[in-house]
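Here is a short briefing for the bench. Look over the sequence and the model first, then work through the points below.

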Amino acid sequence: MDASMMAGLEGLGAEDQAKMASMIDQLQLRDSLRMYNSLVERCFVDCVDSFTRKTLQKQEETCVMRCAEKFLKHTMRVGARFGELNQNAPTQD
């Protein structure tokens, strides 16, 4: 968890801070797993169309690699944009 999240927990006791940190870590892990599952499902559905072999055919493998790269670049760009917007948002002090 990053320092900015921990800064918002300053008013809590040590036990409550630990509980909140654990909850935040669990949520981040859940979101990461959801993103990974979404990537796998999307690329598999889009790229794999033959089940005659145990391994991927060359064009399926290429498609999966491009799909995964595009998905990850898109996710990183959305995250960066969200961060930019979040920095420019007015604070509630």
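Is Cys-67 buried or exposed? Cys-67 counts as buried, because its relative accessibility is 14% and the cut-off for buried is under 20%. Keep in mind that this is a predicted model. A search of the whole structure finds 2 disulfides, and Cys-67 belongs to one of them, with Cys-43 as its partner.

**Disulfide Cys-43 to Cys-67**

- The sulfur atoms of Cys-43 and Cys-67 are 2.0 Å apart.
- The torsion about their S-S bond is about -90°, so this disulfide is left-handed.
- The bond links distant parts of the chain: Cys-43 sits in helix 2 (residues 14-47) and Cys-67 in helix 3, 24 residues apart.
- Cys-43 is buried, with a relative accessible area of 4%.

**Disulfide Cys-47 to Cys-63**

- Cys-47 and Cys-63 also form a disulfide, with 2.0 Å between their sulfur atoms.
- The angle about the S-S bond is -65°, and the link is left-handed.
- This pair, too, links distant parts of the chain: Cys-47 is in helix 2 and Cys-63 in helix 3, 16 residues apart.
- Cys-47 counts as buried at 4% relative accessibility.
- Cys-63 counts as partly exposed, because its relative accessibility is 28% and partly exposed runs between 20% and 50%.
- With bonded cysteines counted along the chain, the disulfides follow the pattern 1-4, 2-3.

**Around Cys-47**

- Which residues does Cys-47 touch, not counting residues up to four places away in sequence? They are Glu-60, Cys-63, Val-64 and Cys-67.
- Arg-66 is 19 residues from Cys-47 along the chain, and their C-alpha atoms are separated by 9.8 Å.

**Glu-60, a buried charge**

- Glu-60 lies in helix 3 (residues 58-88).
- Glu-60 is buried yet has no salt bridge.
- Where is the nearest side chain of opposite charge? It belongs to Arg-53, 7.5 Å away. A salt bridge needs the atoms within 4 Å, so Arg-53 does not supply one.
- The side chain of Glu-60 does reach a backbone atom: the nitrogen of Gln-57, at 2.9 Å.
- Leaving aside neighbours within four places in sequence, Glu-60 is in contact with Cys-47, Val-48, Asp-49 and Ser-50. Of these, Cys-47 is in helix 2.

**The aromatic pair**

- A pair of aromatic rings is described by the distance of the centres and the angle of the planes.
- How many aromatic pairs does the count give? The count comes to 1 aromatic pair.
- The rings are those of Phe-44 and Phe-51, with centres 6.0 Å apart and planes at 45°, so the pair is tilted.
- Stacked would need planes under 30 degrees apart and edge-to-face over 60, so 45° falls into the tilted class.
- Phe-44 is partly exposed, at 41% relative accessibility.
- Phe-51 is exposed, because its relative accessible area is 65% and the cut-off for exposed is over 50%.

**To take away**

- Two residues recur in these points: Cys-47 and Glu-60 touch each other. Cys-47 is bonded to Cys-63, while Glu-60 has no salt bridge.

How values were computed: Residues numbered from 1 in each chain as written. Predicted model: local features only at pLDDT ≥ 70, side-chain atom pairs only at ≥ 80, totals over all residues. Heavy atoms only, no water. Phe/Tyr/Trp six-rings, centres within 6.5 Å; stacked < 30°, edge-to-face > 60°. Buried < 20%, exposed > 50% of the residue type's maximum accessible area, 1.4 Å probe, protein only. Helix = DSSP H or I, 4+ residues; strand = E, 2+ residues; numbered from the N terminus. Lys, Arg positive; Asp, Glu negative; His and termini not counted. Polar contact = N/O pair within 3.5 Å; in protein donor to acceptor, adjacent residues only side chain to side chain. Contact = heavy atoms within 4.5 Å. Disulfide = S-S within 2.5 Å.
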